[in-house]
Amino acid sequence: MDTLTLNAVTKSFGSTDVIKGVDLTVKDGEFCVFVGPSGCGKSTLLRMIAGLEDVSSGDVTIAGKRVNDLAPAKREIAMVFQSYALYPHLTVRDNMGLALKQAGVAKPEVDAAIAKAAGMLSLEALLGRRPAELSGGQRQRVAIGRAIVRRPKLFLFDEPLSNLDAALRVATRIEIARLHRELGATMIYVTHDQVEAMTLADRIVVLRAGKVEQVGAPMELYNNPANTFVAGFIGSPQMNLLDAAALGLTSQTLGIRPEHLALSRSAGRLPGRVSHVEKLGGETLVYVVTETQGLLTVRLFGEHDYRVDEAVFLTPEESRAFHFGADGKRLY
Ligand SMILES: Nc1ncnc2c1ncn2[C@@H]1O[C@H](COP(=O)(O)OP(=O)(O)OP(=O)(O)O)[C@@H](O)[C@H]1O
């Protein structure tokens, strides 16, 4: 059974076309992540699924029902935003229970739902507090708890971790992954962070300028990018994209990941100079300005002592290279 279907969905604001025909099916229980650069239309697409924006053309179907003209409250979805949007004068308990209470659910049932969600999110000790008495991470957990309590058909997350610090982002990311497993719920998650996309998704939808560039499992996109855009977007640090003609090849662009560029002080295919070195502990990133290909990134395992301005040589591992044509599409 499919939880969500988008059929030729478009959105225009005045004369600006923001979503230019998106087809997508999200299956029951799937964790689907929308990624893409700023302004590509991720939030707009999510807001159309939620019913917060009208669809200009096409159809949105949730659990087999066309919902184009259905109000957000009737769509059986729950949305978690980047800003927590909690009611400041209500306690954590009341924030979490409000939607059920308003829907006329009996108090014992509301209490049980709150207790269950609070248990899943370790919020039991905070139920009597107001939002102002919580940290950012705790507020975001309450916002997620409020969504869980409603038992929606579909969870929608819009960059829910972007206001948290680095450590809390990782912890909350793991928590969301665990919740997804435990609830078996269908989730759609918007982010511009490709690490979040890679680690959370069953399937990633890569968007650019209102169009879907590629849909696939994280490692499918990583190992088999359909074009230079997806190749450059998935993977961190970014894949190096080289001018293939300058290398004597017939393709237009050669893609090589930073871990597949060999670095040497004595000999190699591409001469250059070290422009910057980043030691990250477990790995070292060496940025090299080459004579023919501009700036390229090399990733080395462990610690290495390359100095800025040092002369070096790079050699792409041929068997690991991706080849793209003039239109950016993958050749082989
Ligand atoms: N109400 C609106 N009126 C006019 N243009 C809008 C409106 N809302 C969004 N846009 C435009 O639509 C495009 C897509 O915006 P959207 O917020 O969906 O992008 P996004 O991919 O979520 O970006 P980000 O990662 O920066 O949040 C942008 O160019 C934006 O300026």
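This report describes the domains, the ligand shell, the packing of three helices and two backbone features of a predicted model.

**Domains and ligand shell**

The protein is divided into two parts, domain 1 covering residues 2–230 and domain 2 covering residues 237–324. Their C-alpha centres are 38 Å apart.

The ligand is surrounded by F13, T16, V18, G36, S38, G39, C40, G41, K42, S43, T44 and H192. Two elements each give two or more residues to this shell, namely strand 2 (16–27) and helix 1 (42–50). Of the elements, helix 1 gives the most, with three residues. Sorted by class, the shell holds eight polar, three nonpolar and one charged residues.

**Packing of helices 2, 3 and 4**

Helix 2 spans residues 92–102, while helix 3 covers residues 107–120 and helix 4 covers residues 136–149. The table sets out the geometry of their pairwise packing.

| Helix pair | Axis distance | Crossing angle |
|---|---|---|
| Helix 2 and helix 3 | 10 Å | about 135° |
| Helix 2 and helix 4 | within 8 Å | roughly 30° |
| Helix 3 and helix 4 | within 9 Å | roughly 135° |

Helix 2 and helix 3 pack at an angle of about 135°. That angle makes helix 2 oblique to helix 3. The crossing of helix 2 with helix 3 is right-handed. On the helix 2 side, the residues R93, M96, G97, L100 and K101 take part, and they meet V110, A113, I114 and A117 of helix 3. This contact of helix 2 with helix 3 consists of six nonpolar, two charged and one polar residues.

Helix 2 and helix 4 cross at roughly 30°. These two helices are therefore roughly parallel to each other. Helix 2 also passes helix 4 in a right-handed crossing. Here V92, N95, M96, G97 and L100 of helix 2 make the contact with V142, G145, R146 and V149 of helix 4. By class, the residues of the contact of helix 2 with helix 4 are five nonpolar, three polar and one charged.

The axes of helix 3 and helix 4 cross at roughly 135°. Helix 3 is thereby oblique to helix 4. The crossing of helix 3 and helix 4 is right-handed. Helix 3 contributes A113, I114, A117, A118 and M120 to the contact, and helix 4 contributes G145, I148 and V149. The contact of helix 3 with helix 4 comprises seven nonpolar residues and one polar residue, with no charged residues.

Several residues recur in these contacts. M96, G97 and L100 of helix 2 appear in the contact with helix 3 and again in the contact with helix 4. In helix 3, A113, I114 and A117 meet helix 2 and also belong to the contact with helix 4. In helix 4, G145 and V149 are found in the contact with helix 2 and in the contact with helix 3.

**Backbone features in loops**

S122 is not a glycine, yet it has a positive phi of about 55°. This residue lies in the loop between helix 3 and helix 4.

A cis peptide bond, with omega of about -5°, joins S236 and P237. P237 is placed in the loop between helix 8 (228–233) and strand 11 (240–243). By residue number, P237 is also where domain 2 (237–324) begins.

Technical notes
Residues numbered from 1 in each chain as written. Predicted model: local features only at pLDDT ≥ 70, side-chain atom pairs only at ≥ 80, totals over all residues. Axes fitted to C-alpha atoms, helices over the stretch in contact; angles between N-to-C directions. Helix = DSSP H or I, 4+ residues; strand = E, 2+ residues; numbered from the N terminus. Parallel < 35°, antiparallel > 145°, perpendicular 65-115°, else oblique. Left-handed = near helix turned anticlockwise from the far one by under 90°. Contact = placed C-beta atoms within 7 Å. Nonpolar A, V, L, I, M, F, W, Y, C, P; charged D, E, K, R; others polar. Near = placed C-beta within 6 Å. Domains from an automatic or database assignment.
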